[in-house]
Amino acid sequence: TALRELATGVRWAIGGAAEVTWQVRNNHGGGYSYRLCPAGEPLTEACFQRHPLPFERTKQALVVASGQKVPIRGLFVDEGTSPPGSTWARLPLPADILGPRCACSPGLDYKPRDFACGCLAGEEKIGCTSAGNCSLGACAPCPGSKGSDCSRCGNGLGPAFEPPFHYSGQPAVYDVVRVPAGLRPGRYVLGFRYDCEATAQVWSSCSDITLVEEGGAPEAS
């Protein structure tokens, strides 16, 4: 990467726990993970996959507008993940951005019977009897073609799961991760990867941290 290092001053203790927080603006649902890559190595997906960070599964919380952390019961997956054995967390906020093919509105390039907005032929169901303007109904499952954007099939009559509690706005997601004991001290890049469910998208961000021997005081990122 051509990004310059940012002196954040964040220090994590090797073998210890560290706090991480993130916030989503356009919520497409899905899951996320945290990984590390030594700052002196090329910042590739392969490098980050070598150092996934496990979660403290009982410490997930949502941070509301007042700054209060509200503990929640998170959903974590470590079977069938990539890399094998790594842990991913489900975004604990139900998706509210489903993509224009199913969530059409007058303010979103709405064109009745335009197949770019609504269900495609063969995907109509519930109140939709013809392809095109099916934004009030739900689309049948996608054909599943490799690499396709299946956002049009995320349209339903309600959230995929109940939110942990009723909130206003979009809370931030708070987690505690473990820093593997076998890592060497030094400069690292913390990578965050978010794989969407309702759209064929992957989002990522990164930050600079320093790992220190156990006993060094960690700081929240």
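Start at R193, whose side chain makes a polar contact with the side chain of E45 at 3.0 Å. Keep in mind that this is a predicted model. R193 has its place in strand β9. Once you set aside its neighbours within four places in sequence, R193 is in contact with G31, Y32, S33, R35, E45, W88, V202 and W203. Several of those names will come back below.

Now for the charges around R193. Side chains of opposite charge can pair when their charged atoms come close. R193 forms a salt bridge with D195, and the closest N and O atoms there are 2.7 Å apart. D195 counts as partly exposed, at 23% relative accessibility. Over on E45, there is a salt bridge with R35, with 2.9 Å between the closest N and O atoms. That pair links distant parts of the chain, since E45 is in helix α1 and R35 is in strand β3, 10 residues apart. E45 is partly exposed at 30% relative accessibility, whereas R35 is buried at 6%.

How do these charged residues fit together? Salt bridges that share partners join R35, E45, R193 and D195 into one network. The structure holds 7 salt bridges in total. Another of them runs between E41 and R50, whose closest N and O atoms are 2.9 Å apart. E41 counts as partly exposed, with a relative accessibility of 33%.

Next, look at the sheet that carries R193. It is an open sheet of 6 strands, ordered β1-β10-β9-β3-β7-β6, and the pairing is mixed. β1 (11-13) and β6 (76-77) stand at the edges with a single partner strand each, so one side of each is left without a neighbour in the sheet. Further in, β9 pairs with β10 (residues 202-212) in the antiparallel sense, over 10 bridges. You can pick out a matching position here: D195 stands opposite V202 in β10. V202 is also one of the residues in contact with R193.

Aromatic rings are the next thing to follow, and Y32, already met as a contact of R193, is a handy way in. The structure holds 10 aromatic pairs. In one of them, Y32 and F55 meet edge-to-face, with 5.9 Å from centre to centre and 80° between the planes. Y32 lies in strand β3 (residues 30-38), while F55 lies in the loop between α1 (45-49) and β4 (61-63), so the pair ties together parts that are 23 residues apart in sequence. Are these two residues buried or exposed? Y32 counts as buried, at 0% relative accessibility, and F55 is buried too, with a relative accessible area of 7%.

A second pair joins Y34 and F192. Their ring centres are 5.3 Å apart and their planes are at 50°, so the pair is tilted. Here Y34 sits in strand β3 and F192 in strand β9 (residues 186-196), so the pair ties together parts that are 158 residues apart in sequence. Y34 is buried at 4% relative accessibility, and F192 counts as buried at 10%. Step back a little and these rings belong to a bigger group: W22, Y32, Y34, F55, F76, F192 and Y194 form one aromatic cluster.

Rings also turn up under charged groups. R90 lies over the face of F161, 3.7 Å from the ring centre. The charged end of K69 sits over the ring of Y174, at 4.9 Å from its centre.

Finally, zoom out to the whole chain. The protein has 1 helix and 10 strands, and along the sequence they follow the pattern β-β-β-α-β-β-β-β-β-β-β. Of the 221 residues in the protein, 41% are buried. Among the contacts with a separation of 6 or more, 64% are between residues 24 or more positions apart. The Y34 and F192 pair is a case you have already seen, tying together parts 158 residues apart in sequence.

Definitions and conventions:
Residues numbered from 1 in each chain as written. Predicted model: local features only at pLDDT ≥ 70, side-chain atom pairs only at ≥ 80, totals over all residues. Heavy atoms only, no water. Phe/Tyr/Trp six-rings, centres within 6.5 Å; stacked < 30°, edge-to-face > 60°. Helix = DSSP H or I, 4+ residues; strand = E, 2+ residues; numbered from the N terminus. Buried < 20%, exposed > 50% of the residue type's maximum accessible area, 1.4 Å probe, protein only. Lys NZ or Arg CZ within 6 Å of the ring centre and 35° of its normal. Polar contact = N/O pair within 3.5 Å; in protein donor to acceptor, adjacent residues only side chain to side chain. Contact = heavy atoms within 4.5 Å. Salt bridge = Lys/Arg side-chain N within 4 Å of Asp/Glu carboxyl O. Pairing = 2+ DSSP bridges.
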